[in-house]
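The following note was prepared for a colleague who wished to have the main structural points set out in order. Please read it beside the sequence and the coordinates.

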Amino acid sequence: NAEVLINLKGGETVIASITKDSIENLGLKAGKAVVALVKAPQIILVTDFGGYKLSARNQLAGEITLVKPGAVNAEVDIQLKGGALVAATGTNDSVENLGLKKGQAVTAVFKAGAVILAVSA
């Protein structure tokens with residue numbers, strides 16, 4: 001495996017852990033534009049770290065712009081300081097227990113192995 005660092009406009013960095021074959025197949029090199037995809041259920045929302053550090057390499061702080069409850073799960077959209085959007089899902093109960101609401105500060109946390117990279121064909 002290899003790590004790929006993706007710089008976002010706001011200065012944040014997304015780290016992806018992918019195979020060396022994937023790097024070759026995608027033609028990845030420094031400066032190449034990529035899209036980083038993470039399935040919404042893979043993103044954990046943290047409002048308070050409680051003095052703990054996490055092993056997850058991707059920790060993107062932002063502000064909630066939308067909380068949209070569904071039948072079982074809610075979508076929570078987070079805007080990062082550079083304007084990038086992260087969409088996460090969690091159960092309605094979890095969203096309610098955390099008291100998540102529009103305008104609230106939150107950190108989107110996900111492992112480097114959860115990141116899928118795409119490049120234009």
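How many residues lie between β5 and β6 in the hairpin that they form?

1. **The β5–β6 hairpin.** Three residues separate the two strands of this hairpin. The model is a predicted one, and the points below should be read with that in mind. β5 and β6 run antiparallel and are joined by seven bridges. Within this pairing, Leu66 faces Asp77 of β6.

2. **The β6–β7 hairpin.** β6, which covers residues 73–80, is also joined to β7 by seven bridges, again with the two strands antiparallel. Here the hairpin has four residues between its strands. Gly83, in the turn, has a positive phi of about 105°. As for register, Glu75 stands opposite Thr89 of β7.

3. **The five-stranded sheet.** These hairpins belong to an open sheet of five strands, whose order is β4-β8-β5-β6-β7 with antiparallel pairing. The edges are formed by β4 (44–46) and β7, each of which pairs on one side only. On average, neighbouring strands of this sheet are turned by 45° against each other, direction ignored. At the β4 edge, three bridges link β4 to β8 (residues 105–110) in the antiparallel sense. Val46 stands opposite Thr107 of β8.

4. **The N-terminal hairpin.** β1 (residues 2–7) and β2 (residues 13–18) run antiparallel and share six bridges. They form a hairpin with five residues between the strands. Gly11 lies in the turn, and its phi is positive, at about 95°. The bridge partner of Glu3 in β2 is Ser17.

5. **Overall composition and dimensions.** The protein contains two helices and nine strands. Along the sequence they follow the pattern β-β-α-β-β-β-β-β-α-β-β. The C-alpha trace spans about 45 × 35 × 25 Å along its principal axes. Does the radius of gyration point to a compact or an extended form, and what value supports the reading? The protein has 15 Å, which agrees with a compact globule, because a globule of 121 residues would have a radius of gyration near 14 Å. Of the 121 residues, 32% count as buried.

6. **The largest pocket.** Which residues are the closest to the centre of the largest pocket? The pocket has a volume of about 200 Å³. Its lining comprises 13 residues, and those closest to the centre are Val14, Ala36, Val38, Leu85 and Val86. By class, the lining has 13 nonpolar residues, no polar residues and no charged residues. β3 (35–37) and β7 (85–91) each supply at least two residues of this lining. β7 gives the most, with three residues. β7 therefore has two roles to keep in view: it is an edge strand of the five-stranded sheet, and β7 is a contributor to the lining of the largest pocket.

7. **Two buried leucines.** Leu100 is placed in the loop between α2 (92–98) and β8. Is this loop residue buried or exposed? Leu100 is buried, because its relative accessible area of 9% is under the 20% cut-off. In space, the C-alpha atoms of Leu100 and Val67 are 7.4 Å apart, although 33 residues separate them in sequence. Leu117, by contrast in placement, is in strand β9 (residues 116–118). Leu117 also counts as buried, at 9% relative accessibility. Its C-alpha is 6.2 Å from that of Leu37, and the two residues are 80 apart in sequence.

8. **An exposed loop residue.** Asp48 is in the loop between β4 and β5 (58–69). Asp48 counts as exposed, because its relative accessibility of 61% is over the 50% cut-off. Asp48 and Ala105 are 57 residues apart in sequence, and their C-alpha atoms are 9.7 Å apart in space.

Technical notes. Residues are numbered from 1 along each chain as its sequence is written. This is a predicted model: local features need pLDDT of at least 70, side-chain atom pairs count only at pLDDT 80 or more; totals for chains, interfaces and linings use all residues. Side-chain values use heavy atoms; hydrogens and water are left out. On a 1 Å grid over the protein atoms alone, a cavity is a set of points where a 1.4 Å probe fits but cannot get out, and a pocket is an open set with protein on both sides within 12 Å along at least five of seven lines; lining residues have an atom within 4 Å of a point. Grid points are joined across faces, edges and corners, and a volume is the space filled by probe spheres set on the points. Ala, Val, Leu, Ile, Met, Phe, Trp, Tyr, Cys and Pro count as nonpolar, Asp, Glu, Lys and Arg as charged, and the others, Gly among them, as polar. Two strands pair if DSSP finds at least two bridges between them. Axes are lines fitted to C-alpha atoms, for helices over the stretch in contact, and angles run from 0 to 180 degrees between N-to-C directions. The radius of gyration is taken over C-alpha atoms; the globule rule is 2.2 Å times the number of residues to the power 0.38. Buried means under 20% relative accessible area, exposed over 50%, partly exposed in between (1.4 Å probe, protein chains only).
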